[in-house]
Amino acid sequence: MDTGLLILRVLTGLLVAGHGVQKLSFRLGGKGLEGGAKEFREDGFRGGTLTALAAGCGQLGAGLLLAAGALTPLAAAGVVGVMTVALTVKWPHGLWVQNDGYEYPLVLITVPIVLSLTGPGHWSVDAALGLATWPAWWAAVTVVVGVGSGLGARALLHRPVPPAGRTADVSRTPR
């Protein structure tokens with residue numbers, strides 16, 4: 001079981017961290033901070049560069065903590081938060097990724113929640129610190145804090161859709 005948790009945790013954490021690297025730099029096929037800011041503006045978010053920086057740092061930090069199995073429920077909440085925002089962006093396209101749907105963000109939300117329930121396994125920073133098993137109520141904290149922060153970020157940073165026939169004035173959006 002520990003080997004399975006290690007593989008699942010490291011793969012998921014590094015994939016999420018990789019998304020953060022892409023938003024912050026030109027590594028891993030990223031378009032740099034300005035490219036990340038442009039992507040957020042195209043998805044209807046305010047803040048531009050600051051939004052991309054916060055999302056990229058959140059993904060990088062939470063992903064690396066999850067991969068290491070360090071403070072697993074809190075790392076999981078960070079991953080759930082950023083991926084909840086991604087899910088809300090993809091939601092209108094339906095479930096399947098072939099249609100730009102939310103299938104992949106849903107998986108990246110579910111895995112950290114499950115890791116909050118199972119714990120990170122024997123080969124983790126948490127285990128080395130004597131925190132290999134977290135009480136089950138931490139999974140609820142992961143869900144509430146993760147989903148709540150993601151929906152809160154969406155509510156604060158997403159521009160409302162303009163009425164039909166009008167376009168949003170993005171020229172005044174802070175960069």
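This passage describes the fold, surface and nonpolar cores of a predicted protein model. Residues are numbered from 1 along each chain as its sequence is written, and side-chain values use heavy atoms, with hydrogens and water left out. Because the model is predicted, local features need pLDDT of at least 70 and side-chain atom pairs count only at pLDDT 80 or more, whereas totals for chains, interfaces and linings use all residues.

The protein chain contains seven helices and zero strands, where helices (H or I, at least four residues) and strands (E, at least two) are DSSP runs numbered from the N terminus. The C-alpha trace spans about 55 × 30 × 30 Å along its principal axes. The radius of gyration, taken over C-alpha atoms, is compared with a globule rule of 2.2 Å times the number of residues to the power 0.38; the chain has 17 Å, which agrees with the value near 16 Å for a compact globule of 175 residues.

Of the 175 residues, 41% are buried, that is, under 20% relative accessible area with a 1.4 Å probe, protein chains only. The largest nonpolar core (buried Ala, Val, Leu, Ile, Met, Phe, Trp, Tyr and Cys residues joined through side-chain atoms within 4.5 Å) has 17 residues, and those with the most contacts inside it are Leu66, Val79, Met83, Ile109 and Leu115. Helix 1 (2–24), helix 3 (49–68), helix 4 (72–90) and helix 5 (103–118) each supply at least two residues of this core, with the largest share, seven residues, coming from helix 4. A second, separate core of seven residues includes Ala37, Phe40, Ala52 and Ala55.

Note on methods. Buried < 20%, exposed > 50% of the residue type's maximum accessible area, 1.4 Å probe, protein only.
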